[in-house]
Amino acid sequence: MACENMSHNKLFAAVFIERWAMPLALSLLITVLPGAAYSATARINYLLHCSGCHLPGGQGNPPNVPTLHRELGRMMGVAAMRTYLVRVPGSAYSSLSDEELTDVANWILEEFNAETLPADFVPLSTTEVTRARQQSLSDPLRYRIEHWRDYEQ
Ligand code: HEC
């Protein structure tokens, strides 16, 4: 019988996996998943709602569609530009909920602007995004030039 042929070591290994390793792996997954799910959802929402124009890698198609790399991080140091990301028409009028848009904006900043974000940057809150989104920019370029500067290219 299979059981008789099983060495003590194999039996011990099987019991170890069943009693300890599996529950441990499962509890680790449960601890790790919520964090992973947060950024995975933001990434998927970016791909679904923004990448059609800004491309999956965020490089855009300048000068028609701006890149989302580097400069946005620097802008975060200027109060008037903090919510600019969610006031541009592509963001403000997207079908994303306020919570989802908040996550996408923070994800763009962390994913494409890590090197330029100020060290003391505090992620955007949903409350800020809800309010800012209602003040969408009809002329984003003009606002950009008045409070920051023209595109880098
Ligand atoms: C239909 C194409 C399109 C889609 C979809 C789109 N954008 Fe844009 N985005 C643009 C264009 C074009 C501009 C330049 C400003 C303008 O004309 O609105 C821009 C500007 C921006 C800017 C300002 C960049 C800068 O350096 O000034 C940000 C940030 C931005 N978009 C984020 C987003 C996010 C986030 C989404 C998804 C929720 C999104 N966009 C969806 C076309 C798009």
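Trainee: Where does R70 lie?
Mentor: This is a predicted model: local features need pLDDT of at least 70, side-chain atom pairs count only at pLDDT 80 or more, and totals for chains, interfaces and linings use all residues. Residue numbers start from 1 along each chain as its sequence is written. Helices (H or I, at least four residues) and strands (E, at least two) are DSSP runs, numbered from the N terminus. R70 sits in the loop between α3 and α4.

Trainee: Is R70 buried, exposed or partly exposed?
Mentor: Count the other C-beta atoms, placed from the backbone, within 10 Å of the residue's own: 20 or more is buried, 12 or fewer is exposed, in between is partly exposed. R70 has 15. R70 is therefore partly exposed.

Trainee: What is the phi of R70?
Mentor: R70 is a residue other than glycine, yet its phi is positive. The value is near 65°.

Trainee: Which residue has a positive phi of about 70°?
Mentor: It is not a glycine. Its place is in the loop between α3 and α4. It has 14 other C-beta atoms within 10 Å, so it is partly exposed. The residue is L55.

Trainee: What is the omega of the peptide bond from P62 to P63?
Mentor: P63 lies in the loop between α3 and α4. The bond from P62 to P63 is cis. Its omega is near 5°.

Trainee: How many helices and strands does the chain have?
Mentor: Along the sequence the pattern reads α-α-α-α-α-α-α-α-α. The secondary structure comes to nine helices and zero strands.

Trainee: Which residues are closest to the ligand?
Mentor: A residue is near the ligand if its C-beta atom, placed from the backbone, lies within 6 Å of it. On that basis 21 residues surround the ligand. Helices α3 (51-54), α4 (71-75), α6 (89-92), α7 (98-112) and α9 (140-147) each supply at least two of the shell residues. The closest are C50, C53, P66, G90 and S94.

Trainee: How many nonpolar, polar and charged residues are in that shell?
Mentor: Ala, Val, Leu, Ile, Met, Phe, Trp, Tyr, Cys and Pro count as nonpolar, Asp, Glu, Lys and Arg as charged, and the others, Gly among them, as polar. By these classes, the shell has 13 nonpolar, six polar and two charged residues.

Trainee: Which helix gives the most to the largest nonpolar core?
Mentor: Such a core is a set of buried Ala, Val, Leu, Ile, Met, Phe, Trp, Tyr and Cys residues joined through C-beta atoms within 7 Å. The largest has 21 residues, and V86, V104, A105 and I108 have the most contacts inside it. Two or more residues come from each of α2 (8-49), α4, α5 (84-87), α7 and α8 (126-133). With six residues, the top contributor is α7.

Trainee: How far apart are the end C-alpha atoms of α7?
Mentor: The expected span is 1.5 Å times one less than the number of residues. For the 15 residues of α7 that gives 21 Å, and the model agrees, because the end C-alpha atoms are apart by 21 Å.

Trainee: Which residues is A105 in contact with, leaving aside neighbours within four places in sequence?
Mentor: Contact means C-beta atoms, placed from the backbone, within 7 Å. A105 is one of the buried residues of α7. Its partners are L85, V86, L124 and V129.

Methods: Contact = placed C-beta atoms within 7 Å.
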